[in-house]
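Q: Could you take me through the surroundings of the bound ligand in this model? I'd love a close look at what lines the site and what touches the molecule.

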Amino acid sequence: MSETKSQAPKKLFIKTYGCQMNVYDSERMAESLEGYVPTDTAEDADMILLNTCHIREKAAEKVYSELGRLKPLKALNPDLKIGVTGCVAQAEGEEIIRRQPAVDLVVGPQSYHRLPQMEARVRTGKTALDTDFPEEDKFNHLKGRGQKARRAPAAFLTVQEGCDKFCAFCVVPYTRGAEVSRPAEQVVREAQELVERGVREVTLLGQNVNAYHGGKTLAELIRMLAKVDGLERIRYTTSHPNDMDDDLIAAHADTPELMPYLHLPVQSGSDRILKRMNRKHTAESYLRLIEKIRSVRPDIMMSGDFIVGFPEETEADFQATMDLVEEVNYGYAYSFKYSTRPGTPAAERPQVDPAEADERLQRLQALISRQQYAIQESMVGRELSVLIERAGRQDGQMLGKSEYLHSVHIDNATAQIGDVVRVRCTRAMTNSLTAVEV
Ligand code: SAH
Ligand code: SF4
Ligand code: F3S
């Protein structure tokens, strides 16, 4: 019994929280661990990694309660090792092992290229901790992307990490460190590897992706990637309004591979609050920027992030946010209630009554939902292009994403996974569209 077990590949279960960068990191970590196959359930895993997020309150508490739930699994499988990775690992470090001794391994987002050595160490019964911001480039130490079998047609590709902006509410500059960009050639090589595995669309990721400066600007990198044979679509996220330069705007007009979708968080529509948030832009400058982008790409789908109930936000400040949303007309938007993050400047300031903040959040979300749905309805009757990502539940049904990132169901599809097809939209549903091939 035990002999068969030692010969079988070990099983790896990764639970990913937080942003797309964590999704990307989870993939890279899984690829780096030799001798493991992925599993969807914690119960049969020999290694569990919680890839955590620290952006909002209670993140660390959630991780500790999840660890408490996982701990008994160690009694059932003596080979089981448990690791914490991501931004809570960075923020809490060895405190995690102190509070939950069932944890074998803690590794931060900038040092997970050392995971294979750490895995070997924990297999000898020791614990392993690494929350350095190392000198070396982790991407030079990770294996190429060609290891595993065919991939889904859409993939994330991290090109920039960290943040130097220090918005008054945000932990990212502390958990991910200073802005660092990957060299453009390294990114292009990774994109080529992904295309060889069947990828047709990449989303370039960065905490401030448009601050990219890997020997090229983001616009230049996008144009380099547009030349990669077989790579049909390029997206990027998340952008900061202050780093949206003219050439990047021009790329939206001159590079057909660049999809007409832009996630450009503004956080608030009130200049008083924006100043307190240390955003270094105004509501007006944001609106003029969108005007400029729409003048070269009128159909661009706008998306954003909002925080309501930031310290000292009044009803008038909130109304300014509602007015800004009305003016922009978002295809998508994400809104969050302000969450106090110890160690950030805003944590020390007079807080808004939580009930008041909840009520504002509901009003904002209702407005955003109305805009999203109206835009989806406006797609009905229009031709769209869809990258087919997977088969649907019904026979002949295929699912994919439009250029505007809407989920699209195609009935009676002839196209295959990985194809980009022209369709006509027939119906708007709450979270998706239906369409037929044209
Ligand atoms: N670098 C990106 C994303 C940062 S985190 C950017 O600047 O846009 C993603 C979103 O989480 C932010 O845009 C913000 O809306 C939200 N967020 C960050 N810190 C928060 C906090 N303390 N409370 C509530 N929402 C927060
Ligand atoms: Fe956080 Fe602001 Fe940096 Fe975005 S730009 S990661 S919100 S500090
Ligand atoms: Fe969360 Fe870290 Fe991303 S705090 S949002 S996982 S950068």
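A: Happily! Around ligand 1 there are 15 residues, and the nearest of them are Phe169, Gln207, Gln267, Asp305 and Ser339; a residue is near if one of its heavy atoms lies within 4 Å of the molecule. This is a predicted model, where local features need pLDDT of at least 70 and side-chain atom pairs count only at pLDDT 80 or more, while totals for chains, interfaces and linings use all residues. Residues are numbered from 1 along each chain as its sequence is written, chains are lettered from A and ligands numbered from 1 in the order in which they are written, and side-chain values use heavy atoms, with hydrogens and water left out.

Now for the polar atoms. A polar side-chain atom of Gln267 sits 2.7 Å from an oxygen atom of ligand 1, and an N or O atom in the side chain of Arg56 is 3.4 Å from an oxygen atom of the ligand; polar contacts are pairs of N or O atoms within 3.5 Å, and within protein one must be able to donate a hydrogen and the other to accept it, with residues adjacent in sequence counting only if both atoms are side-chain atoms. Ser339 uses its backbone instead: an N or O atom there lies 2.8 Å from a nitrogen atom of ligand 1. On its own, ligand 1 has 540 Å² of accessible area, and the protein covers 89% of it (Shrake-Rupley method, 1.4 Å probe).

As for the shell's origins, domain 2 (144–259) and domain 3 (263–378) each give at least three residues, with bounds from an automatic or database domain assignment.
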